[in-house]
Amino acid sequence: MLHGSLFLDIVIILASGFAGGIIARQFRFPILLGYLVAGAIVGPHVLGAVGNLEEVRTLAEFGVVLLLFEVGVEVSLRELRRAGRVIVLGGIVQLLATIGLMYPLALYLGWPYQQALVFGMVASLSSTMVVLKTLADRGELGSVHGNVMVGILIMQDLAFIPMIAILPSLTGEGTAALSDLGFGVLKATVILVLMVVLGGRAIPWVLDRVPILSSREIFILTVVALTFAAAALTDAFGLTLAIGAFAAGLVLSESPFGRRALSEVIPLRDIFAAVFFVSLGMLTDPRYLVENIGLVLIVISAVMLVKLVLIGGLVKAFGYLPYTALLTGVGMMQIGEFSFFLADAAFLLGIVDLEFLTLIVVSTVITMALTPLLFAGGIMGLERLGRRLSVLRDYSPAQSTVASRINDLSSHLVLCGLGNIGRLVAEALREHNVPFVVIELNPHIAQRGLEDGFLVISGSSTSNASLEHAGIDRARMFIITTGDTRSARDTARRAFEINPQLEIVARVRRQGDAEELTRIGVHEVVWPEMEGGQQILRYSLLRFEVDTQEVDTLVTQLRTYLKTPDDVDDEETPSPEDQPEKQSADDG
């Protein structure tokens with residue numbers, strides 16, 4: 001009967017998770033919230049439909065392992081090396097400062113120092129899932145505040161590893177626990193480094209031989225087996241399953257198999273993650289919220305206010321606009337999903353009690369639910385205030401001489417992006433005396449552009465204010481070099497709304513993007529891979545003494561075919577992003 005009842009419990013969990021996810025999706029909330037609410041409803045505090053909680057929680061650990069494996073794959077060492085100061089230094093300072101400010105509050109609430117430290121770590125983490133979902137729904141992943149938020153979230157995801165590694169050290173008493181704290185971090189670091197170094201040789205060696213068998217099932221089984229073996233290894237050394245899973249993902253992120261392994265594991269991860277979050281939602285007691293509403297409000301208010309001020313202040317200190325700083329702070333005020341794992345692990349170790357865990361679950365659910373609403377409201381509020389206060393606008397007002405020079409322009413060119421490609425275009429335009437204005441996301445790049453003598457506006461090209469400040473209503477041409485389809489599409493639409501006669505040229509990264517931009521009226525799209533292939537073909541044919549006119553005709557026909565594949569063939573030519581080993585293009 002145990003097996004039968006456990007099977008029924010799993011059916012109830014999956015069905016309720018499905019229903020909760022669908023409802024959350026319909027109301028534009030993160031699916032994660034649907035899982036948590038569904039768990040609260042079927043849990044012991046409401047319907048009591050699930051009986052084998054311990055067995056279900058054991059299965060839910062699979063979700064933890066696979067989710068941390070994904071984080072390891074996504075957060076590659078190369079990405080960290082490319083991270084800027086605001087991401088690395090700002091992320092570290094935010095984490096330490098949040099812990100430092102939340103710790104005395106927890107002591108004031110009467111919690112022991114171990115629980116107070118866990119509370120500080122829990123409060124310091126934001127929700128990667130909620131933030132990314134909110135930005136994606138609004139089409140702002142490529143915005144200034146979107147880039148900053150994603151970078152800080154990467155640092156927070158990484159910080160989760162040492163946080164969970166030191167939890168076993170907090171089970172001691174007094175000075176013994178504090179002395180074990182450093183040893184716990186050191187042990188986790190040594191084991192993690194050894195696993196990455198040794199696994200960096202062994203895991204790719206194994207996976208390099210699996211494709212010989214030409215079996216997708218064996219590849220998936222190998223990846224899952226290696227991930228859980230790594231998790232079991234760290235667990236055997238007194239660390240957590242999460243560290244081993246993260247190390248396995250980190251190793252694969254540096255190999256050619258990382259993206260394929262992640263794509264194969266994601267369905268399994270989603271299923272077990274749903275089980276985990278539904279099971280975690282079962283700990284939510286609605287009566288606890290009613291009976292402890294004062295404590296819940298104190299925790300929520302303190303966490304959100306501290307993170308708003310800290311993150312916003314740090315972003316501003318690194319040279320970003322107040323608009324960007326405030327939106328970054330508002331978007332990251334919530335408590336994150338990894339805080340669930342942290343609090344749950346602390347509970348299993350006996351560091352915190354069930355009441356603390358329930359408080360964290362309830363507080364996290366509320367802050368996650370508030371995030372999309374507060375973020376949308378923050379943007380509306382800043383846009384209204386920006387009309388009256390120039391300091392709160394989403395672009396940097398140029399120096400007075402620069403502003404007057406922009407106002408004097410007409411029939412000029414507006415250039416979006418001053419990266420590698422954008423700078424090449426800008427240099428050529430200046431050399432040929434073509435009047436132009438640059439809109440640049442990154443304030444540091446914008447400042448360098450100003451120092452080089454360009455007319456530069458630091459702001460987002462998707463903002464009407466930035467476009468109007470660049471004189472888009474008087475411009476003759478608009479060049480978008482970023483390569484990001486979503487931002488290019490939104491930018492082009494806003495530009496056409498202001499100036500329907502504008503001629504727009506946009507860079508794209510794949511063939512489908514070119515078709516999408518062409519449909520909304522972009523006059524010319526440039527696909528670097530296509531242009532490069534045509535030049536290679538042209539050079540090769542000319543070297544074999546093919547007639548120049550014939551070569552030019554062939555290249556023209558090829559360009560037409562690649563830009564309008566639907567008119568020629570229904571089968572789309574694979575783009576570089578569809579290949580297993582995707583190279584990240586320069587984003588201008």
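In which strand is the place of valine 438? The legends below, written for a predicted model, take up this residue after a view of the whole protein.

**Figure 1. Overall view of the predicted protein model.** The protein holds 25 helices and 7 strands, and of its 588 residues, 50% are buried. When contacts between residues at least 6 apart in sequence are considered, 74% of them join residues at least 24 apart. The protein exposes about 27,500 Å², of which carbon and sulfur atoms supply 61%.

**Figure 2. Close-up of valine 438 in strand β3.** Valine 438 has its place in strand β3, which covers residues 436–440, and this residue counts as buried because its relative accessibility is 0%, where the cut-off for buried is under 20%.

**Figure 3. Close-up of the contacts of valine 438.** Once neighbours within four places in sequence are left aside, valine 438 is in contact with Leu415, Gly417 and Leu418, as well as with Leu455, Val456 and Ile457. For glycine 449, which is 11 residues from valine 438 in sequence, the C-alpha to C-alpha separation from valine 438 is 8.6 Å.

**Figure 4. Close-up of a nonpolar surface patch that includes leucine 186.** The patch, of about 540 Å², is made by Leu186, Val190, Val193, Leu194, Val197 and Leu198. Leucine 186, one of these residues, lies in helix α9, which covers residues 174–209.

Key. Residues are numbered from 1 along each chain as its sequence is written. This is a predicted model: local features need pLDDT of at least 70, side-chain atom pairs count only at pLDDT 80 or more; totals for chains, interfaces and linings use all residues. Side-chain values use heavy atoms; hydrogens and water are left out. Helices (H or I, at least four residues) and strands (E, at least two) are DSSP runs, numbered from the N terminus. Buried means under 20% relative accessible area, exposed over 50%, partly exposed in between (1.4 Å probe, protein chains only). Contact means heavy atoms within 4.5 Å. Accessible areas come from the Shrake-Rupley method with a 1.4 Å probe; for residues, only the protein chains shown count as cover. Patches are made of residues with over 30% relative accessible area and no salt bridge: like charges are joined within 9 Å, nonpolar side chains (Val, Leu, Ile, Met, Phe, Trp, Tyr) within 5 Å. A salt bridge is a side-chain nitrogen of Lys or Arg within 4 Å of a carboxyl oxygen of Asp or Glu.
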